[in-house]
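User: Please take a close look at the charge pairing in this model. Work outward from one acidic side chain, and show how its setting fits the rest of the chain.

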Amino acid sequence: IDGNSQKAFEDLTATMGGASNIGALEICSTRPLLVTSRIFNQGESGTFGQNFDGRVANLGYSAGETISLIGLRQKSQAYRSNLVVTNGGTTDAEVVVNLFDTTGRSLSAYNLAIPAGAALQDIEPFKTRANAPDVDWGFATVTVLKGTNILSAASMIDMKTNDPTTIPAKQ
């Protein structure tokens, strides 16, 4: 990529021969880069999806650190939320996810093991892990128990349109 220019890659997963729609992508360069990505679905009237910014290597979270995913929703026939934990490190990682309702009451806590260089998507954790299909508003914390360079994000999805909102981790 020439200096002061940009390059777009269409359907990078397919281009690289990937069979999975879930994973981490490492981009290496000898010069600084600004990177963003868009994941999307093809609908009848066009595409819908969300953006994720690239991150500098080794600036993820490490053992002992906790991040929050706020603004999650799980409401039957209206909204659902998913979360993802990515291990950008070179060793296996483990996190504990704690799900809370809007009042701060813990609904469920569970551990996830994430292999090095992998991403793990947890689909509708309020519904499937906390048996709370109608918590409406809630939030989650992700505490790194083992590993380095751990990243997390969530999506709040409108169930009528499947339009997602990206929820970045906050600390």
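Analyst: Strands here are DSSP runs of E with at least two residues, helices are runs of H or I with at least four, and both are numbered from the N terminus. By that count D101 sits in strand β5, which covers residues 93-101. The model is predicted, so local features need pLDDT of at least 70 and side-chain atom pairs pLDDT 80 or more, while totals for chains, interfaces and linings use all residues. Residues are numbered from 1 along each chain as its sequence is written, and side-chain values use heavy atoms, without hydrogens or water.

Start with D101 itself. Its relative accessibility is 9%, so D101 counts as buried (under 20%; exposed is over 50%, partly exposed lies in between; 1.4 Å probe, protein chains only). Leaving aside residues up to four places away in sequence, D101 touches L107, V135, W137, G138 and F139 (contact: heavy atoms within 4.5 Å).

Now the pairing. Side chains of opposite charge can pair when their charged atoms come close. A salt bridge here needs a side-chain nitrogen of Lys or Arg within 4 Å of a carboxyl oxygen of Asp or Glu. The rule gives three salt bridges.

D101 belongs to one of them. Its partner is R105, and the closest N and O atoms are 3.2 Å apart. The two ends differ in setting: D101 is buried at 9%, whereas R105 is exposed with a relative accessible area of 52%.

Another salt bridge joins D136 and R73, with the closest N and O atoms 2.4 Å apart. D136 lies in strand β8 (residues 136-146) and R73 in strand β3 (residues 66-74), so this pair ties together parts that are 63 residues apart in sequence. R73 is buried, with a relative accessible area of 11%. D136 is partly exposed at 22%.

The remaining pair is R129 with D122, whose closest N and O atoms are 3.0 Å apart. Here the acid is buried: D122 has 5% relative accessibility. R129 is partly exposed at 37%.

Strand β8 deserves a second look. It covers residues 136-146, and W137, G138 and F139 are among the residues that D101 touches. L145 also has its place in strand β8. At 43% relative accessibility, L145 is partly exposed. Beyond its sequence neighbors up to four places away, L145 touches A63, E94, V95, V96 and N111. Strand β5 runs over residues 93-101, and E94, V95 and V96 are among the contacts of L145. The C-alpha atoms of L145 and I114 are 11 Å apart, with their positions 31 residues apart along the chain.

Step back to the whole chain. There are two helices and ten strands. From the N terminus the order is α-β-β-β-β-β-β-β-α-β-β-β. Among contacts between residues at least 6 apart in sequence, 68% join residues at least 24 apart. The R73 and D136 pair, at 63 residues apart, is one long-range tie. Of the 171 residues, 31% count as buried; D101, R73 and D122 are among them.

Overall dimensions close the picture. The C-alpha trace spans about 50 × 45 × 30 Å along its principal axes. The radius of gyration, taken over C-alpha atoms, is 17 Å, which agrees with the value near 16 Å for a compact globule of 171 residues (2.2 Å times the number of residues to the power 0.38).
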